[in-house]
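The following points are offered as a colleague's note on the structure shown below. They are arranged by topic and may be read separately.

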Amino acid sequence: MATLVFVESAEGKIKKTSLEAVVYAAAIGGDVIAIALGTEVDDSELAGLGNYGAIKVLKVSDDRLNQGVIQAYANVLNQAMTSMGSDILVLANSSLGTPVSARVAIKQDASLVTNVTELPDTSNGFKVKRSIYTGKAFANVELTKARKVIAIKKNAAEIKEIGGSAAVEEFSPELTDSDFEVAITGVDKATGDILLPEAEIVVSGGRGLKGPENWGMIEDLAQELEAATGCSKPVSDIGWRPHHEHVGQTGVKVSPTLYIAVGISGAIQHLAGVNSSKYIVVVNKDEEAPFFKAADYGIAGDAFDVIPKLTEALKAAR
Ligand SMILES: Cc1cc2nc3c(=O)[nH]c(=O)nc-3n(C[C@H](O)[C@H](O)[C@H](O)COP(=O)(O)OP(=O)(O)OC[C@H]3O[C@@H](n4cnc5c(N)ncnc54)[C@H](O)[C@@H]3O)c2cc1C
């Protein structure tokens, strides 16, 4: 049995969520074959997937695939599954991975499951847990078809390095102009060095910060922690922060290892975007603020006292 893993990259580096997908596939058992599309990732980076459990990496060196064209990607993955005799495709539940997974599942007549949060239970069939209702509940799902397409959420598998290197091979699927009928004409990148959806640590501010002139302390803390910055919806609605930082049900959904919420009340619509974070730290001057119920650690105090002290303490600890 071979499991195919679609790996995504940014600026020449394999994304962490794709490393998790490789680890996830390795945990299923059988051979793990990764596939990377486009020409932006070099062979040594691809070979490094062996360190996470891949025995082989297929690379599809076609410049047209440097952009995430959903139809073309689905066509390539479909051909790779068939060619490698793979029963299972694992990929990250991303803005690219999720629509691609749906198209591949149709082409392969496969069981499809997205938003998967844990390794499968294969003791009796093939069962997975998926997050539903914006993370407020889980559905236990059985995949009954011979072929399966599994899109995993961030943190569904804990990254383990096992050493080793994977063989990198060229894979040449048949692609026609019709696969590229949706053209990406440009990409406007959000500002900030660390992208919010990918961030390992997020420092987020709410209306409790009183105004945009007070965001310096959030940015200082974020810089110290090498974190991305986020905010609540009203903060971006009023224009204190850019819209791409708005976290929640109607904004970006984040799954960092650490989410620090400062001066945010913890309304359900905000929690819907952060409840897959591994650890949540809340700083709020109202000890009855609902966010404390969702927090792993809470500081009941004035953000204007707490945050500069926290940043200083972190600096001193380094
Ligand atoms: C359909 C719908 C969708 C929505 N989607 C989203 C969404 O995606 N994301 C989102 O965030 N919201 C969303 N909302 C809005 C949401 O319901 C809340 O209104 C919003 O999250 C509140 O933002 P806040 O916590 O920053 O502000 P507030 O509710 O005003 O809370 C401010 C908090 O700061 C604390 N505070 C005040 N001063 C200090 C201080 N000096 N130090 C420390 N703490 C202090 C207060 O105690 C309070 O808890 C949505 C609402 C609707 C109806």
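1. Helix α6 contributes the most to the shell around the ligand, supplying three residues. The model is a predicted one, and the remarks on the ligand shell should be read in that light. The shell comprises 26 residues, of which G206, G208, S232, K233 and G248 come nearest to the ligand. The elements that supply two or more residues to this shell are α6 (233–238), α7 (268–271), β15 (279–284) and α9 (303–317).

2. The composition of the ligand shell may be stated by class. Polar residues number 13, nonpolar residues eight and charged residues five. Among the residues that come nearest to the ligand are K233 and S232.

3. The domain assignment divides the protein into domain 1, residues 2–180, and domain 2, residues 196–317. Taken over C-alpha atoms, the centres of domain 1 and domain 2 are separated by 32 Å. Eight residues of domain 1 and seven residues of domain 2 take part in the contact. On the side of domain 1 that touches domain 2, four residues are polar, four are charged and none is nonpolar.

4. Does the span of helix α3 agree or disagree with the expected value? Helix α3 covers residues 70–84, and its 15 residues should span 21 Å at 1.5 Å a residue; the end C-alpha atoms are 21 Å apart, so the span agrees with the expectation. Just after α3, G85 adopts a positive phi of about 65°.

5. The buried residues of α3 are A72, Y73, A74, N75, V76, L77, N78, A80 and M81. Their packing partners include four strands, β1 (2–7), β4 (31–37), β5 (56–60) and β6 (86–92), together with the helix α4 (97–108).

6. K127 lies in strand β8, which runs over residues 127–132. Is K127 buried or partly exposed? K127 counts as partly exposed because it has 15 C-beta neighbours inside 10 Å, whereas a buried residue would need 20 or more.

7. The surroundings of K127 involve residues on either side of it in sequence. Leaving aside residues up to four places away in sequence, K127 touches P120, D121, N140, V141 and E142. K127 and L143 are 16 residues apart in sequence, and their C-alpha atoms are 6.2 Å apart in space.

Key: Residues numbered from 1 in each chain as written. Predicted model: local features only at pLDDT ≥ 70, side-chain atom pairs only at ≥ 80, totals over all residues. Buried ≥ 20, exposed ≤ 12 C-beta atoms within 10 Å, placed from the backbone. Contact = placed C-beta atoms within 7 Å. Near = placed C-beta within 6 Å. Nonpolar A, V, L, I, M, F, W, Y, C, P; charged D, E, K, R; others polar. Domains from an automatic or database assignment. Expected span 1.5 Å × (residues − 1).
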